[in-house]
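Have the sequence and the model open side by side for this one. We'll walk through a sheet, then a strand, then a core and a loop.

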Amino acid sequence: MVNTQVGQNGEFRLEPLANGWLVGRFAALEAVGVAHLVTTRQGPDVQQVRHDPAAAGREIAQALGLEDAAFLEQVHGGDVVTCAKGGCAGFADGLVTTAKGLALIGKSGDCPIVLIGDRRGRAVGFAHASWRATVAGITPAVVRRMVDLGCDSKDLVACICPSAGPECYEVGEEVCATAISGIGSRAEAFFQSGSAGKPHFDLWHANTDALIRVGVPPESIHVSGVCTLCRNDLFPSHRREGSAAGRFAAVIALSASSQ
Ligand SMILES: [Zn+2]
């Protein structure tokens, strides 16, 4: 039996689905009626999510009662794609839609996926906020795209999914230097020195900061607080398992019943 008590802040919890999966859900997205879930090892096969996201996406769409699923070839950059139908939407790290019934599937094995819903139901999106994509500004780029599509940033609700946490995400000095040159000196606050003397990159803090700077209210930004290295029992982790690690999916959709 998996311990379903995850995170410390109550923002994110695990729950069983009728199909036997155990999935993560954010209270803040549920409160505004945005369909979403985060898969765990008790769910779609983690190797299938990584290598055949079309097939995994169909299973996930079915689990959510949705018609179709779209995903990206994630490339650790700053580009955003708007999609209107299922399948691979392109090479990018941000995906947005205004289409109802279409599940957007982000893949992760340590990288933060930021799920972004609109309390008025006009669009949904996600950012695959790996450290390189974070430095490239992927999360604010997704917000700007949603604003271009008619959303008001004040209506957005952003949730940072399980990912390598600040206690565990050790990086080299060159990552620190790249981040500070890309983001500016305020990025110094995103790094702390770990016990081994190397910097740790707090991607939860970096993405929260980026969301606030494009007008998402601080009270509408939620962090699962779950580290994939610490909870490798639930989630695949590239850092823990190496290059053969699978992926879990973080999923968001405008359900057909959205206004
Ligand atoms: Zn950890």
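## Helices on a sheet

Start with helix 5 (residues 138-148), which lies across strand 5, strand 7 (94-97), strand 9 (113-118), strand 10 (124-128) and strand 11, running at about 165° to strand 10. Helix 7 (residues 203-213) packs on the sheet too, touching strand 9, strand 11 and strand 14, and its direction makes about 170° with that of strand 14. A few ground rules: helices (H or I, at least four residues) and strands (E, at least two) are DSSP runs, numbered from the N terminus. Touching here means contact, with C-beta atoms, placed from the backbone, within 7 Å. Axes are lines fitted to C-alpha atoms, for helices over the stretch in contact, and angles run from 0 to 180 degrees between N-to-C directions.

This is a predicted model, so local features need pLDDT of at least 70 and side-chain atom pairs count only at pLDDT 80 or more, while totals for chains, interfaces and linings use all residues. Residues are numbered from 1 along each chain as its sequence is written.

## The six-stranded sheet

The sheet is open, with six strands in the order 5-7-10-9-11-14 and mixed pairing. Strand 5 (80-82) and strand 14 are the edges, each pairing on one side only. Pairing takes at least two DSSP bridges between two strands. Strand 11 (residues 156-160) and strand 14 run parallel over three bridges, with Ile 160 opposite Val 223 in strand 14.

## Strand 8, boxed in

Is strand 8 enclosed or open? Seven of the seven residues of strand 8 (residues 102-108) are buried, so the strand is largely enclosed by the rest of the structure. (Buried means 20 or more other C-beta atoms within 10 Å of a residue's own; exposed means 12 or fewer, and partly exposed is in between.) Leu 102, Leu 104, Gly 106 and Ser 108 point one way, while Ala 103, Ile 105 and Lys 107 point the other.

Strand 4 (residues 68-73) joins strand 8 in parallel through four bridges, and Ala 70 has Leu 104 as its bridge partner. Strand 15 (residues 248-253) pairs with strand 8 antiparallel over six bridges, where Ser 108 partners Phe 248.

## Core and loop

The largest nonpolar core has 82 residues, of which Ala 103, Leu 104, Phe 126 and Ala 253 touch the most other members. Strand 15 gives the most to this core, with six residues. Such a core is a set of buried Ala, Val, Leu, Ile, Met, Phe, Trp, Tyr and Cys residues joined through C-beta atoms within 7 Å.

Ser 237 sits in the loop between strand 14 (221-223) and helix 8 (238-241). Ser 237 counts as buried because it has 24 C-beta neighbours inside 10 Å.

Definitions and conventions. Contact = placed C-beta atoms within 7 Å.
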